[in-house]
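Subject: Structure for you to look at, with notes

Dear colleague,

I am passing on the structure we spoke about, and I would be glad if you could open it before reading further. My notes come after it.

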2 protein chains.
Amino acid sequence: MPDEFDLDAFLPYRLNRAAELVSLRFARRYRDRYGMTRPEWRTLALLGNNGRLTATAIGALSTMHKTKISRAVRALEERHWLRRQADVDDRRVEHLELTPAGQRAYEDIARLARDYEAELRGLFGQNALASLDKGLERVIATLSRAHEKG
Amino acid sequence: MPDEFDLDAFLPYRLNRAAELVSLRFARRYRDRYGMTRPEWRTLALLGNNGRLTATAIGALSTMHKTKISRAVRALEERHWLRRQADVDDRRVEHLELTPAGQRAYEDIARLARDYEAELRGLFGQNALASLDKGLERVIATLSRAHEKG
DNA sequence: TGGTAATGGTTGATTTTGTAACTATCAAGG
DNA sequence: CCTTGATAGTTACAAAATCAACCATTACCA
């Protein structure tokens, strides 16, 4: 059987292409507006969503590598959008949270994100999007467990 | 409305996480076996699938940037997995195709890919996978058209 | 024709990422 | 206590991706 493989239908390939296409369009917007990278935007959003978090918690939520997070945190800190607080009991741990300025930036970008979502709903329809979303959620839930182990 | 935005449900974010999780697992396998990068594997696969292609055609099929393709082509050429042929009519154009060794490598990795697909089917079920796939195809078709324009 | 724009592809410089090793702190067991 | 091992987070170095500028060639059109 020389050729029973179709790259174009290969799930990793498709997922990557779709992800690139969808998020590139959005990345351009917050990049143009704030000069922010994706890890920075993600970190900002996670903190805006969840309040205080440690770097490790951000990693668990987002599957971003430690080093990405570390650098994103520093960058946000330098903009005065985020501040660190040492944990009282465990001095290895730092709690991270947005400053008021960071909160404002978050809300501003969150608005861009909502607009973009509406745009996508317009393009694909509510239902198509919802079923896609369900599939993705399943993939993430299953594999992120496996990922933690290696 | 201070906080009507949920990053975790945001499509670009979800797509990226799913794509990363799914393709990282697979990337490790061909990387360990051949020391190949993703653009190289993609280029190999596209040529194995479609036969002769130009670099531009590869770009159109895969949404990879020119420079990635250029470097992947050179790397494959250095392994003697690929050869170039000048176009007769248009001297800017190069046609690319796999050598027999490249063809064998392709078939070998294609087998890894099929195994991986089977693994995913086992994890998620044929149906869930098919419906996810349908959604992704739709996204790709719609946005890659928009992408070409800018 | 000849000049300007567009296309195919490459290269070099810069930025981002990933990998590994490192510091500092805490946990557990003897 | 003291050693061994785990955990939180940073950093140095290598690999990869992006960006911009660049040839060479071809297409368009006044």
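What follows is an account of what was found, beginning with one chain and moving on to the contact between chains and the DNA.

Please keep in mind throughout that this is a predicted model, and that the values below are computed from it.

The fold of chain A

Chain A is built from 6 helices and 3 strands, and along the sequence these elements come in the order α-α-β-α-α-β-β-α-α. Along its principal axes, the C-alpha atoms of chain A take up a box of roughly 60 × 40 × 25 Å. Of its 150 residues, 35% count as buried, and where contacts link residues at least 6 apart in sequence, 49% of them join residues at least 24 apart.

How the two chains are related

A turn of 180 degrees, with a shift of 0.1 Å along the axis, lays chain A on chain B with an RMSD of 0.1 Å, which is the relation of a two-fold axis. Within chain A, the C-alpha nearest that axis belongs to Leu132(A), at 2.8 Å from it. Both copies use the same surface, since 98% of the contact residues of chain A recur in chain B.

As for the extent of the contact, 45 residues of chain A are in contact with 44 residues of chain B. On the side of chain A that touches chain B, at least two residues each come from α1 (11-34), α2, α5 (100-124) and α6 (126-149), and the largest share, 14 residues, is that of α6(A). Sorted by class, the residues on this side of chain A are 26 nonpolar, 9 polar and 10 charged.

One residue to look at here is Pro12(A), which is found in helix α1 of chain A. Is Pro12(A) buried or exposed? With 23 other C-beta atoms within 10 Å, against the 20 or more that the term requires, Pro12(A) is buried. Once its neighbours within four places in sequence are left aside, Pro12(A) is in contact with Val22(B), Ser23(B) and Phe26(B). The C-alpha atom of Pro12(A) is separated by 24 Å from that of Gly125(A), which stands 113 residues apart from it along the chain.

A helix pair inside chain B

In chain B, helix α2 (residues 38-50) packs with helix α5 (residues 100-124) at an angle of about 105 degrees, their axes being 10 Å apart, and this makes α2(B) roughly perpendicular to α5(B). From α2(B) the residues involved are Trp41(B), Leu44(B), Ala45(B) and Gly48(B), and they meet Gly102(B), Gln103(B), Ala105(B), Tyr106(B), Ile109(B) and Ala110(B) of α5(B). By class, this contact has 7 nonpolar and 3 polar residues, and no charged ones.

The surfaces near the DNA

Which residues come nearest to DNA strand C? Of the 19 residues around that strand, they are Arg91(A), Ala55(B), Thr56(B), Ser70(B) and Arg92(B). The surface near DNA strand C draws at least two residues from each of α2 (38-50) and α4 (66-78) of chain A and α3 (55-62) and α4 (66-78) of chain B, with α4(B) giving the most, at 4 residues. This surface is made up of 4 nonpolar, 7 polar and 8 charged residues.

Around DNA strand D there are 19 residues, of which Ala55(A), Thr56(A), Ser70(A), Arg92(A) and Arg91(B) come nearest. Two or more residues are given to this surface by each of α3 (55-62) and α4 of chain A and by α2 and α4 of chain B, and its largest share, 4 residues, comes from α4(A). By class, the surface near DNA strand D has 4 nonpolar, 7 polar and 8 charged residues.

Two backbone details in loops

Most residues other than glycine have a negative phi. Thr63(A), however, has a phi near 60 degrees, a positive value, and its place is in the loop between α3 and α4 of chain A. Thr63(A) is partly exposed, with 17 other C-beta atoms within 10 Å. His80(A), in the loop between α4 and β2 (82-86) of chain A, likewise has a positive phi, near 65 degrees, and His80(A) is exposed, with 11 other C-beta atoms within 10 Å.

With best wishes

Conventions:
Residues are numbered from 1 along each chain as its sequence is written. Chains are lettered from A and ligands numbered from 1 in the order in which they are written. This is a predicted model: local features need pLDDT of at least 70, side-chain atom pairs count only at pLDDT 80 or more; totals for chains, interfaces and linings use all residues. A residue is near a molecule or strand if its C-beta atom, placed from the backbone, lies within 6 Å of it. Ala, Val, Leu, Ile, Met, Phe, Trp, Tyr, Cys and Pro count as nonpolar, Asp, Glu, Lys and Arg as charged, and the others, Gly among them, as polar. Copies are superposed by least squares on the C-alpha atoms of residues with pLDDT of at least 70 in both. Two residues are in contact if their C-beta atoms, placed from the backbone, lie within 7 Å. Axes are lines fitted to C-alpha atoms, for helices over the stretch in contact, and angles run from 0 to 180 degrees between N-to-C directions. Angles under 35 degrees count as roughly parallel, over 145 as roughly antiparallel, 65 to 115 as roughly perpendicular and the rest as oblique. A residue is buried if 20 or more other C-beta atoms lie within 10 Å of its own, exposed if 12 or fewer, and partly exposed in between; C-beta atoms are placed from the backbone.
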